Amino acid sequence: MRGKDPSIIGTASEKDRQLYDFPPGTRGRRGYLEAKPRFFTHNAHQEYFHAHANFQGCEFLEIGSREVTGPTLVRKQVPLANYCGFDIIAGPNVDVVGDAHLLADYIDHDSIDYVYSTAVFEHLAMPWLVVEEIAKILKVGGIVGIETHFSHSEHEYPWHFFQFNELALKNLFCPELGFEILDSGLENPIVGRFSYDAKASKVGDPVYSLYVHSCVLARKVRAIDYSRWSWRECIQRIRSESSYPGNTP
């Protein structure tokens, strides 16, 4: 409670789960354990890279590496790797200054073993272009791990463009671009309701299935001809794999 106004924040309790922990298989909704990633979780990102990327000769790139809210964590977890911090603004923990939308102009094609980014994708004006650039610089067999926000307050305005669930991230790191998904999910649930200033008929109503973080871990399994690539290649597959759950309660 230190530093927080108790009259505003309310009290967390087990009753919170009524707003997000739906029974497995509930139509159009998932329970917390269904939504949660299996191992690439918010608290285990650094441990994952320490276990897999901390070796001599590993080329490790962090996109959005500048220390903004606190000291960097992942760099310390991969001391044996050749770590490179990339950011659009110079500052602490930044080795290369550049625009991630043009990443392959700064980093050689097929040169990176691991790419990591946290709390950055929501600030990318066109994240699909950044995914293309990541595909170009990753080696075949290379790994990319992304964490961003699904539900979060607007921040870093005017450079806050998107919110993602993990399905959006999986569609970005798609098989047509040469990726396979290793893990993905949502975590850190939020309890929400419509406020006093909302539409009168909504005031006080609960808002279900809110989570702060979404993530994806993907492997580049093949290279493609990027000069011939189009995002339109994905649409037919996505339509065939999913459909809107009609009459969802």
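## A tour from the second pocket to the aromatic cluster

The lining of the second largest pocket is made up of six nonpolar, five polar and five charged residues, and this is where the tour of this predicted model begins. To bring the pocket into view, select G28, R30, N165, L167 and L186, which of its 16 lining residues are the ones that lie nearest its centre. The space enclosed there comes to about 320 Å³. Colouring by element then shows where the walls come from, since helix 2 (32-35), helix 6 (166-172), strand 6 (179-193) and strand 7 (206-220) each contribute at least two residues to the lining.

**The sheet**

From strand 6, move on to the sheet as a whole, which is open, has seven strands in the order 3-2-1-4-5-7-6, and shows mixed pairing. Its edges are strand 3 (96-97) and strand 6, each of which pairs on one side only. Select strand 6 together with strand 7, and the two can be followed as an antiparallel pair over 12 bridges; one place to pause is P189, whose bridge partner in strand 7 is Y211. Strand 7 also pairs with strand 5, again in the antiparallel sense, over seven bridges, and here G145 has L217 of strand 7 as its bridge partner.

**The nonpolar core**

Next, select L61, F121, I134 and F173, the residues with the most contacts inside the largest nonpolar core, which has 34 residues. Widening the selection brings in strand 1, strand 2, strand 4, helix 5 (127-137), strand 5, helix 6 and strand 7, each of which supplies at least two residues of this core. Which element gives the largest share of the core? It is helix 5, with five residues.

**The largest pocket**

Now centre the view on G64, V68, T118, A119 and V120, which are the closest to the centre of the largest pocket among the 39 residues that line it. About 1200 Å³ of space lies in this pocket. Two or more lining residues come from each of helix 3, strand 1 (59-63), strand 2 (82-87), strand 4 and strand 5 (138-149). Coloured by residue class, the lining of the largest pocket separates into 15 nonpolar, 16 polar and eight charged residues.

**The aromatic cluster**

For the last stop, show the side chains of F39, F40, Y48, F49, F60, Y83, Y114 and Y116, which ring pairs link into a cluster. Across the model the count of aromatic pairs comes to 18. Within the cluster, zoom in on F49 and Y114, whose rings form an edge-to-face pair with 6.0 Å from centre to centre and 90° between the planes. Why does this pair tie together parts that are 65 residues apart in sequence? The reason is that F49 lies in helix 3 (residues 45-52), whereas Y114 belongs to strand 4 (residues 112-118). Are the two partners buried or exposed? F49 is buried, because its relative accessible area is 0%, and Y114, with a relative accessible area of 10%, is buried as well.

Key. Residues numbered from 1 in each chain as written. Predicted model: local features only at pLDDT ≥ 70, side-chain atom pairs only at ≥ 80, totals over all residues. Heavy atoms only, no water. Phe/Tyr/Trp six-rings, centres within 6.5 Å; stacked < 30°, edge-to-face > 60°. Helix = DSSP H or I, 4+ residues; strand = E, 2+ residues; numbered from the N terminus. Buried < 20%, exposed > 50% of the residue type's maximum accessible area, 1.4 Å probe, protein only. 1 Å grid on protein atoms, 1.4 Å probe; cavity = no way out; pocket = protein on both sides within 12 Å on 5 of 7 lines; lining within 4 Å. Points joined across faces, edges and corners; volume = space filled by probe spheres on them. Nonpolar A, V, L, I, M, F, W, Y, C, P; charged D, E, K, R; others polar. Pairing = 2+ DSSP bridges. Core = buried A, V, L, I, M, F, W, Y, C linked by side-chain atoms within 4.5 Å.
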